[in-house]
Amino acid sequence: MNYRLPTYDDYEILKEYVEEHYSNYERSISASIDLTNMDYKEWVDKVNRNSEVRDDEWGKYYLYLVFDANKLIGLLNIRYNLSDELRERYGDIGYGVRPSERRKGYATKMLEYALNVCKEKEMQSVILGCYEDNYASNKTILKNGGKLYKTTIEEKKLNDNWSINLKCNYYKINL
Ligand SMILES: CC(C)(COP(=O)(O)OP(=O)(O)OC[C@H]1O[C@@H](n2cnc3c(N)ncnc32)[C@H](O)[C@@H]1OP(=O)(O)O)[C@@H](O)C(=O)NCCC(=O)NCCS
């Protein structure tokens, strides 16, 4: 597998990646940091800049396109420079795998890779958050040694009138 930052030339493959999610009735693209609501070139500039320069919301981060045999498999976001408060709210790592490539072990490998990057950054631990009903993500974290340390209730707005409460599990992995 190959991990790298996005370039201007990736426009078409990312467009196809996003469309596959939409065809699967998924409106949000995990780990994509504003990909779908920014001008593409500005997004590439921002993501490359923020791999070295702090962003107010996400600190410094790597947003990697993950390939296997030249196919874009998923997105991996390693937020290696968050404040303690934001670590507790967002977690240090986010990931998503395109619908047609799920259940093949990719997310498990991507998280393992991310943990190694965090080790290189001399982080002592990582925090990961995911909704309790996201069985696949909970399992991915557990398979990488995650220990549940808190569960919170988060209000999710469905529209102006409706919201639901969702349970979110937070895990810690010591590096
Ligand atoms: C969560 C997600 C990244 C998992 O990716 P994946 O590549 O399918 O995960 P893996 O293949 O590494 O599977 C990890 C474990 O979960 C299990 N699993 C994955 N999807 C599953 C499903 N739909 N139902 C039951 N088990 C599932 C796998 O079998 C595996 O466990 P096993 O090794 O004991 O068999 C993927 O489903 C996804 O992109 N979802 C939408 C975005 C998202 O939820 N991101 C995480 C936000 S916290």
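**Close-up views of the predicted model**

**View 1. Surroundings of K46 in helix α2.** When its neighbours within four places in sequence are left aside, K46 is in contact with I33, D34, M38, D55 and Y61, where contact means heavy atoms within 4.5 Å. This is a predicted model, in which local features need pLDDT of at least 70 and side-chain atom pairs count only at pLDDT 80 or more, while totals for chains, interfaces and linings use all residues. Residues are numbered from 1 along each chain as its sequence is written, and side-chain values use heavy atoms, with hydrogens and water left out. K46 lies in helix α2; helices (H or I, at least four residues) and strands (E, at least two) are DSSP runs, numbered from the N terminus. With a relative accessibility of 12%, K46 counts as buried, a class that means under 20% relative accessible area, whereas exposed means over 50% and partly exposed lies in between (1.4 Å probe, protein chains only).

**View 2. Positive phi values in the loop between α1 and α2, at Y25 and at I33.** Y25 is not a glycine, yet its phi is positive, at about 60 degrees, and its relative accessibility of 76% places Y25 in the exposed class. I33, likewise a residue other than glycine, has a positive phi near 40 degrees, but at 9% relative accessibility I33 counts as buried. I33 is also one of the residues in contact with K46.

**View 3. The open sheet of four strands, with helix α1 packed on it.** The strands follow the order β1-β2-β3-β4 with antiparallel pairing, two strands being paired if DSSP finds at least two bridges between them. β1 (2-4) and β4 (93-97) are the edge strands, each of which pairs on one side only, and from one strand to the next the twist averages 20 degrees. Five bridges join strand β3 (residues 71-79) to β4 in the antiparallel sense, and L76 stands opposite Y95 in β4. Helix α1 (residues 11-23) packs on this sheet and touches β2 (61-68), β3 and β4, with its direction at about 90 degrees to that of β3; axes are lines fitted to C-alpha atoms, for helices over the stretch in contact, and angles run from 0 to 180 degrees between N-to-C directions.

**View 4. The tilted ring pair of W58 and Y90.** The structure holds eight aromatic pairs, where rings of Phe, Tyr and Trp (its six-membered ring) pair if their centres lie within 6.5 Å, and planes under 30 degrees apart count as stacked, over 60 as edge-to-face and the rest as tilted. The ring centres of W58 and Y90 are 4.3 Å apart and the planes stand at 35 degrees, so this pair is tilted. W58 belongs to the loop between α2 (40-49) and β2, and Y90 to helix α3 (residues 84-90), so the pair ties together parts that are 32 residues apart in sequence. W58 is buried, at a relative accessible area of 15%, while Y90, at 25% relative accessibility, counts as partly exposed.

**View 5. The stacked ring pair of Y62 and Y80 and a cluster of rings.** The centres of the Y62 and Y80 rings lie 4.9 Å apart, with their planes at 25 degrees, so the pair is stacked. This pair links distant parts of the chain, 18 residues apart, with Y62 in strand β2 and Y80 in the loop between β3 and α3. Both Y62 and Y80 are buried. Ring pairs also join Y62 and Y80 with Y3, Y64 and Y113 in a cluster.

**View 6. Lysines over tyrosine rings, at Y170 and at Y149.** K150 lies over the face of Y170, 4.7 Å from the ring centre, and K172 lies over the face of Y149, at 5.0 Å from the ring centre. A charge sits over a ring if NZ of Lys or CZ of Arg is within 6 Å of the ring centre and within 35 degrees of the ring normal.

**View 7. The whole chain, as context for the close-ups, with five helices and seven strands.** From the N terminus on, the elements run β-α-α-β-β-α-β-α-β-α-β-β. The radius of gyration is 16 Å, close to the 16 Å that the globule rule gives for 175 residues, so the chain is as compact as a globular protein of that length; the radius is taken over C-alpha atoms, and the rule is 2.2 Å times the number of residues to the power 0.38. Of the 175 residues, 45% count as buried, and among contacts between residues at least 6 apart in sequence, 59% join residues at least 24 apart.
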